[in-house]
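Dear colleague,

I am passing on the structure we spoke about, and below it you will find what came out of looking at the ligand and the pockets. Please read the notes with the structure open beside them.

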Amino acid sequence: MMKPKYATLFEAYTLPNGMEMKNRMIMAPMTNYSSNQDGSVTEDEINYYTRRSKGVGAVITAVANITPGGKGFPGQIGCDRDELIPSLSKLAKSIKGQGAKAILQIFHAGRMSLPDEVPNRDVTAPSNIPAEREGTLGEVPRELTVEEIEGIIDAFGQATRRAIEAGFDGVEIHGANGYLIQQFFSPHANRREDQYGGNLEKRMTFPLAVIDKVQHTVKEYAKAPFIVGYRFSPEEPETPGITMGDTLHLVDVLADKGLDYLHVSLLDFWSKARREADTSKTRVELLLETINKRIPLVGVGSLYKADDAAEAKKTGIEFLGLGRELLIDPEWVQKIAKGNEAEINTTLDLNGKEKLDFPDSFWKVITSIPGWVPGVK
Ligand SMILES: Cc1cc2nc3c(=O)[nH]c(=O)nc-3n(C[C@H](O)[C@H](O)[C@H](O)COP(=O)(O)O)c2cc1C
């Protein structure tokens, strides 16, 4: 029997578009390096998703690239061509068949693309400024032309149409983690002086145009309610860089855009604002204040135990994302539902690859980076 203190995690919720989510837990998007070279999903990947779709209300997939030039990593899911619709359809079915809503995360990696993954090693971005990140440091991207930017906006629409035709329940626009949409909003990555760059308002032009295109596509093609979510990262450490103040302004605008949810990308749910906001408050608190219940928010980040999730839910946030928790323990949600939350695993079983239905290449990546997933040394 479920303990009463966890009941709030299992309440149904009706999204702005009228679709009902059966509970408040969502599988966070996680790149799994396991798709075929052509972007089609593998059987191992399907098994991995089937296993993890049985408890949560929705699954947000690993991010899929919307154009060949927007691919970020090897083994990425592709949604850049109509030939991939059958593959996307298999993926959607593997999730929906277990009772969870299936949401495809879509992006263009911009200056974060690995050169080997994009045609002609042509890594592109709002401006020719490299990311100050390990692994990509020093890779100077080529500045996109206005025509190319318009093509990418259009490609977000095409990718959304493919998600609809493949039977997904929604898409999540990936405006977080340093990829192209965030790059346009960032004063670090975006030094443009045309309509796509400049002050804060102008740096919102591209993200808002992508949202408009996706929503327009939904109106045109979806025959049933279709979820459109937007994920963002609250702050960048670089100077110049996105501040909490910038993000609260963006979120204030996004809350009135007719989206179905916003999703803040965090590694620690309880992290505090770094600058240009009340630094004594958590980012989640500040976001909830700004949004003021206009639209649901998904929070995420190191909620390894049932009590961590129950505590996070008390902030008033509508949904909680579970990433590494579901890598480590695919039955995380079901254990709480049955009153067996004490049996939740919080460190990865290093002999558990088969038992936990991990694709080979994903297993290799996560077990080679110490500390990324708890239990990996
Ligand atoms: C292996 C791995 C891959 C990830 N890939 C993505 C991704 O494709 N898109 C995304 O928005 N976030 C990605 N993330 C971030 C997660 O969605 C999440 O925000 C983060 O892991 C913190 O949540 P957690 O503590 O529940 O894992 C990834 C995280 C991990 C561990």
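**The ligand and its surroundings**

In this predicted model, an oxygen atom of the ligand has a polar side-chain atom of arginine 324 at 2.7 Å. The protein covers 94% of the 610 Å² of accessible area that the ligand has on its own. Two further contacts deserve a look: a polar side-chain atom of threonine 31 lies 2.6 Å from a ligand oxygen atom, while a nitrogen atom of the ligand is 2.8 Å from an N or O atom in the side chain of glutamine 105. Altogether 20 residues surround the ligand, and Thr31, Arg231, Ser302, Arg324 and Glu325 are the closest; by class, this shell divides into ten nonpolar, seven polar and three charged residues.

**The pockets**

The ligand sits in the largest pocket, whose volume is about 1,500 Å³. Of the 49 residues that line this pocket, Asn177, Tyr179, Ser265, Leu267 and Trp372 are the closest to its centre, and the elements that give two or more residues to the lining are α10 (324-328) and α12 (360-366). The lining of the largest pocket comprises 24 nonpolar, 15 polar and ten charged residues.

The second largest pocket has a volume of about 150 Å³, and the residues lining it include Asn17, Phe226 and Asp260. Helix α6 (residues 205-221) gives the most to that lining, with three residues, and the classes there are four nonpolar, three polar and two charged.

With best wishes

Note on methods. Residues are numbered from 1 along each chain as its sequence is written. This is a predicted model: local features need pLDDT of at least 70, side-chain atom pairs count only at pLDDT 80 or more; totals for chains, interfaces and linings use all residues. Side-chain values use heavy atoms; hydrogens and water are left out. A residue is near a molecule or strand if one of its heavy atoms lies within 4 Å of it. A polar contact is a pair of N or O atoms within 3.5 Å; within protein, one must be able to donate a hydrogen and the other to accept it, and residues adjacent in sequence count only if both atoms are side-chain atoms. Accessible areas come from the Shrake-Rupley method with a 1.4 Å probe; for residues, only the protein chains shown count as cover. On a 1 Å grid over the protein atoms alone, a cavity is a set of points where a 1.4 Å probe fits but cannot get out, and a pocket is an open set with protein on both sides within 12 Å along at least five of seven lines; lining residues have an atom within 4 Å of a point. A molecule sits in a cavity or pocket if more than half of its atoms lie within 2 Å of its grid points. Ala, Val, Leu, Ile, Met, Phe, Trp, Tyr, Cys and Pro count as nonpolar, Asp, Glu, Lys and Arg as charged, and the others, Gly among them, as polar. Grid points are joined across faces, edges and corners, and a volume is the space filled by probe spheres set on the points. Helices (H or I, at least four residues) and strands (E, at least two) are DSSP runs, numbered from the N terminus.
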